[in-house]
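Colleague: Hi! Could you pull up the model so we can go through it together?
Modeller: Sure, here it comes.

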Amino acid sequence: MPELAEVEFYRKQWLCGLQQRILAVELHSQARVLRGTDTEALRAILTGAVLLGSEAHGKQMFFRFSRKGFLGLHLGMTGSLRVQPPGSPAGRHDHLVLRQLKQSLAFTDPRQFGRVRFHAGDTPPPWRANLPAPILSSQFTRGAMEQFLRRHGGQPLKAVLLMQDGFPGIGNWMADEILWRAALHPERRPGQLNGGEMKQLYRQVRFVCRGAMRTVGAGVGSLDGEFGDPPAAWLFHRRWSKGGNCPRDGSVLLRAEIGGRTTCWCGSCQV
DNA sequence: TACAATGTTTTAAG
DNA sequence: CCTTAAAACATTGT
């Protein structure tokens, strides 16, 4: 499930383990989420290390440890970060569990489209470098967004919004929410947008990210928390099941595969 | 049963 | 080299 704000929510779940030592590391070394990762180094270095800090960037999370350890986590489609009692046994899909004195920090991912990466050393890992401008940062300007859209001027808007190089953190529901608010049909091509439409798109990209962070991403980790709902007037609440209505004009919402993903939009107000 | 699921990555084709 | 489309990945829930 996780997009921008859900990722931030899950990152915060592990904050309760800050400044505390990892006493033991449990992992499924053959799990697909650990592909390409040196699990022996991960275990050797993180055992005894202290969790020092973390940050989220789009759908990626980075955790920094003492002993020069860096952990990179991506939640894929079904991943989550949980906090469990210190002695609770690892579940079938808990592919990485960091045992601390007061709690266990678990990375869970049934479907395993997510990823766990590890790096140790003085320099930051290569997968931590050259990240795109965060949408809510000052570097994400209207000019930068329009330049990215022009580079993919022939793809449907929906597909371009899902590209993490240009819109880090946007996922399927946020892309639909943005296009609905901007009153733009998901099949529209960036190349044919006029100035006013571009401005509206930029505004709604930022609005939806900010609104999601404020609602969905709120709340600091307690034992097994759940994230909040977006505002009641958002498309989000109508888009999942067939037969939903447009919150704006009541039309029955349409559904089709666009840009390789199921897309939901209002046929009367998105043109 | 069969299909769809808030996501990338790889492969193939143009 | 670049873009686009399709397939692949693994599991669960409807």
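Colleague: Thanks! By class, how many nonpolar, polar and charged residues does the surface near DNA strand C have?
Modeller: That surface has 2 nonpolar, 4 polar and 3 charged residues. Keep in mind that this is a predicted model.

Colleague: Noted. Which residues surround DNA strand C?
Modeller: They are R32, R92, H93, P110, R111, Q112, F113, G154 and Q155. Of the strand C atoms that come within 4 Å of the protein, sugar and phosphate account for 68%.

Colleague: What polar distances do you get to phosphate oxygens of strand C, say for the side chain of R92?
Modeller: For R92, an N or O atom of the side chain is 2.9 Å from a phosphate oxygen of DNA strand C. H93 has a polar side-chain atom 2.8 Å from a phosphate oxygen of that strand. For Q155, the distance from a side-chain N or O atom to a phosphate oxygen of DNA strand C is 3.3 Å.

Colleague: Nice. Over to DNA strand B: which residues come nearest?
Modeller: There are 16 residues around DNA strand B, and M1, E3, K59, R261 and T262 come nearest. By class, the surface near DNA strand B divides into 5 nonpolar, 6 polar and 5 charged residues.

Colleague: And what share of the DNA strand B atoms within 4 Å of the protein belongs to sugar or phosphate?
Modeller: It's 49%, and the rest belong to bases.

Colleague: Which base atom of strand B does the side chain of E6 approach, then?
Modeller: A base oxygen of DNA strand B, at 3.0 Å from an N or O atom in the E6 side chain. W173 has a polar side-chain atom 3.2 Å from a base oxygen of DNA strand B. With N172, a backbone N or O atom lies 3.2 Å from a phosphate oxygen of DNA strand B. Helix 5 (172–181) and strand 10 (261–265) are the elements that give two or more residues to this surface.

Colleague: Changing topic: is strand 4 mostly covered or open?
Modeller: Mostly covered: strand 4 spans residues 69–74, and 5 of its 6 residues are buried.

Colleague: How does strand 4 pair with strand 3, and over how many bridges?
Modeller: The pairing with strand 3 (residues 60–65) is antiparallel, over 6 bridges. F65 has G69 of strand 4 as its bridge partner. The hairpin of these two strands has 3 residues between them, and R67 there takes a positive phi near 65°.

Colleague: What about strand 8 and strand 4, in which sense do they pair?
Modeller: Strand 8 (residues 115–120) and strand 4 pair in the antiparallel sense, over 6 bridges. V116 in strand 8 is the bridge partner of L73.

Methods:
Residues are numbered from 1 along each chain as its sequence is written. Chains are lettered from A and ligands numbered from 1 in the order in which they are written. This is a predicted model: local features need pLDDT of at least 70, side-chain atom pairs count only at pLDDT 80 or more; totals for chains, interfaces and linings use all residues. Side-chain values use heavy atoms; hydrogens and water are left out. A residue is near a molecule or strand if one of its heavy atoms lies within 4 Å of it. A polar contact is a pair of N or O atoms within 3.5 Å; within protein, one must be able to donate a hydrogen and the other to accept it, and residues adjacent in sequence count only if both atoms are side-chain atoms. Ala, Val, Leu, Ile, Met, Phe, Trp, Tyr, Cys and Pro count as nonpolar, Asp, Glu, Lys and Arg as charged, and the others, Gly among them, as polar. Helices (H or I, at least four residues) and strands (E, at least two) are DSSP runs, numbered from the N terminus. Buried means under 20% relative accessible area, exposed over 50%, partly exposed in between (1.4 Å probe, protein chains only). Two strands pair if DSSP finds at least two bridges between them.
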